[in-house]
Amino acid sequence: MKAGIVSYGTYIPRLRVSVDEIAKVWGESPDNVKVGLGVYRKSVPDLDEDTATISVEAAREAIERGKIDPERIGAIFVGSESHPYVVKPTATIVGDAIGCGNSFHAADFEFACKAGTAGIQVCMGMVESGMIEFGLAIGADTSQSAPGDPLEYSASAGGAAFVVGKKGVIAEIEETLSFTSDTPDFWRREGQPYPSHGGRFTGIPAYFRHVTSAAIQIMEKTGYKPSDFDYAVFHQPNGKFPIRAARILGFTKEQINQGLVVGYIGNTYSGSSIIGFSAILDIAKPGDKILLVSFGSGAGSDAFIFNVTDLMEDYPRVPTVWDKINGGITVDYSTYLKLRKKIRLKG
Amino acid sequence: MERVAIIGVGQSEFGELWDKGFREIVLKAGIDALEDAGLEGKEIEAMYVGNMSGGRYLAQEHIAALIADYSGLSEMGVPSTRVEGADASGGLALRQAYLSVASGLHEIVIAAGAEKVTDVGSEMTTDIMASSADREWEGFVGATIPALYALMARMHFTKYGTTPEDLALISVKNHRNGALNPKAQFRREIKVEDVLKSPFVAEPLRLLDCAPLSDGAAAIILANEKVAREYTDSPVFIKACTQASDYLALQNREDITTMRAVKIAADMAYDQAGLKPEDIDVVELHDSFTIAELIAYEDLGFVEKGRGAELIREGITSLDGSLPANPSGGLKACGHAIGATGIRQAVEITYQLRGKAGKRQVEAEMGLSLNIGGTGATAVITIYEIG
């Protein structure tokens, strides 16, 4: 039996700010932004939410739904580009919060938006080698964006957690591979509050090259074609890129719509492609085949082929990702600024 | 004065050439021009290079020496000179090359233009372009190049009733032409509604009124008549190549709906060539913004001042009209590789006059190109005739 997903959980902060509201402040046409980006609103972390709390919430849901004994989790990896501490791991906070004891491997990962899927691959390797029974891979972010930067329309917060193991697998990992190059499309240096990006350079040479290459390579390696998949999900920095990537590769709207969550919660960075993937798992049936391709700037893509197993039938999946997306409380731009600590307080 | 002819032309692709370096782009254009002329390279006696801002785009000055080095010309000690006149740099390089042959000093020279803009971010690019206006009196108080052209457009609207739809038609035409040009950056057609729905860059100019800033290079080989006849049966003679200046800052100009430098250079060019505007069959214009093409119709004498919009409304400047303008797609669709543009225009006119312009071919024996620096403080006009 191959390793696979044993359980999964997601967390999306309940606050939202609309593209209309942001565009109004910056004198942009909301319709142009919405049409141009394919994003309508985004999630906003509340004052007491950060990558650690999002990771813990997602992990708790995964543990509970899978009825996993936390002490049997042998490794925790948290992928993020907004770890609360530069030095001091998020993974230890998660381990303590869910009660893993002390005998587990732990580390924080960073690979822009794909550190979560990198964690899944590492857990898979450790499970298959027999090092651990279960591994917990998390991708979560409260992504940063400078006021007035186009990133501000999409940079949001959320995360997903996956328990990887060989026992009780609901979605087997049939294949995974990565496509990686040194491509400086998006970066944030030590001490900088907001990331920098190369404008349109983030498109063809970065996102599209890596996503399509990884997807093509994994299909070549396994002999599958797009029509063999029931669902596909690609990293979602905005609503346009994944749709275009799907079109380039020959996937239909029907295959990607269920996992296309960016329009209503924004780009959750390390959570982006895996929240989309979780939304697909929410409705997947035994026998379904799913393609997941993440993307992280800098740059690389991890591609996975999952086969949903019979155990999915009895796996509890409510509330679904879309339930969480559709809920939410809208805040205005000023509140958003306050919550994101962009208002400088006295003293 | 010697008669001067273009005997070879070359051009790189224009666009966001992220995977190509400045040197590769220039070499591509230069080698294409040499091959087109049937030269080995050792025949070249001098080189003139148009480049606006290698210093800021690439942190590389001494561009002329760099290109001479990488093209093998420094091996022979060939003199290489960079000339700069903002986005008229290419036109100036053409003119210097032309003068050096016309004067009898050289028999055969190369004129090139090149710019690599995508190595810096868009804010830096905007600032570099703003340096082609008056930094102290315009730039420091917030004016960018699009903002200054927007002022010209507003004034033209107010004085003459020109409309955003008229400007949109220019963009639509240039995209239509660019779709037929394999070297163009934007090879797709657009509709008037697309232009009118695109976001404002500087009101009333919208995104699709503005040419992109592009990577690209172009090169042409110029020779005197005797040498030209040895190499080609279809030399394209330069009947005039004139240049004029205007006040750098818009505020000092009497009328911002006209470019005085263009009018002066045009009068000189028609005079030298013994021609009238109606003798011209095809033109390449400097449509860095759609309003610039419309103003050029008027300043070049193709239509009375204030009535430029009629030419685009009536289809006169379309490929199948009586005065096709920007068959290449112009700066809007072919791309605006700043220092390369003036040379790229000469490449297009040469193709057109030779009858080698493919799907965008028009019927023409006499062509004209207009290359403008910044908001019009430098203008270079060249008139070409197939011989």
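**View 1. The largest nonpolar core in the predicted model.** This core holds 136 residues, of which B:A111 and B:A112 touch the most other members. Helix α1 of chain B, residues 22–37, is the greatest contributor, giving eight residues. Residues come both from domain 1 (4–121 + 214–236) and from domain 2 (128–210 + 240–386) of chain B, so the core lies between the two domains.

**View 2. The surroundings of B:A111.** With neighbours within four places in sequence left aside, B:A111 is in contact with B:Y48, B:A93, B:L94 and B:A97. Its other contacts of this kind are B:A219, B:I220, B:L222 and B:I343.

**View 3. A second nonpolar core, separate from that of the first view.** This core numbers 107 residues. Among them are A:I5, A:C100, A:I280 and A:L281.

**View 4. The fold of chain A.** Chain A contains twelve helices and 14 strands. Its radius of gyration is 19 Å, close to the 20 Å given by the globule rule for 347 residues, so chain A is as compact as a globular protein of that length. The C-alpha trace spans about 55 × 45 × 40 Å along its principal axes. Of the 347 residues of chain A, 54% count as buried. Where contacts in chain A join residues at least 6 apart in sequence, 79% of them link residues at least 24 apart.

**View 5. The contact between chain A and chain B.** Seven residues of chain A meet five residues of chain B. On the chain A side, the touching residues comprise two nonpolar, four polar and one charged.

Note on methods:
Residues numbered from 1 in each chain as written. Chains lettered and ligands numbered in written order. Predicted model: local features only at pLDDT ≥ 70, side-chain atom pairs only at ≥ 80, totals over all residues. Helix = DSSP H or I, 4+ residues; strand = E, 2+ residues; numbered from the N terminus. Rg over C-alpha atoms; globule rule 2.2 N^0.38 Å. Buried ≥ 20, exposed ≤ 12 C-beta atoms within 10 Å, placed from the backbone. Contact = placed C-beta atoms within 7 Å. Nonpolar A, V, L, I, M, F, W, Y, C, P; charged D, E, K, R; others polar. Core = buried A, V, L, I, M, F, W, Y, C linked by C-beta atoms within 7 Å. Domains from an automatic or database assignment.
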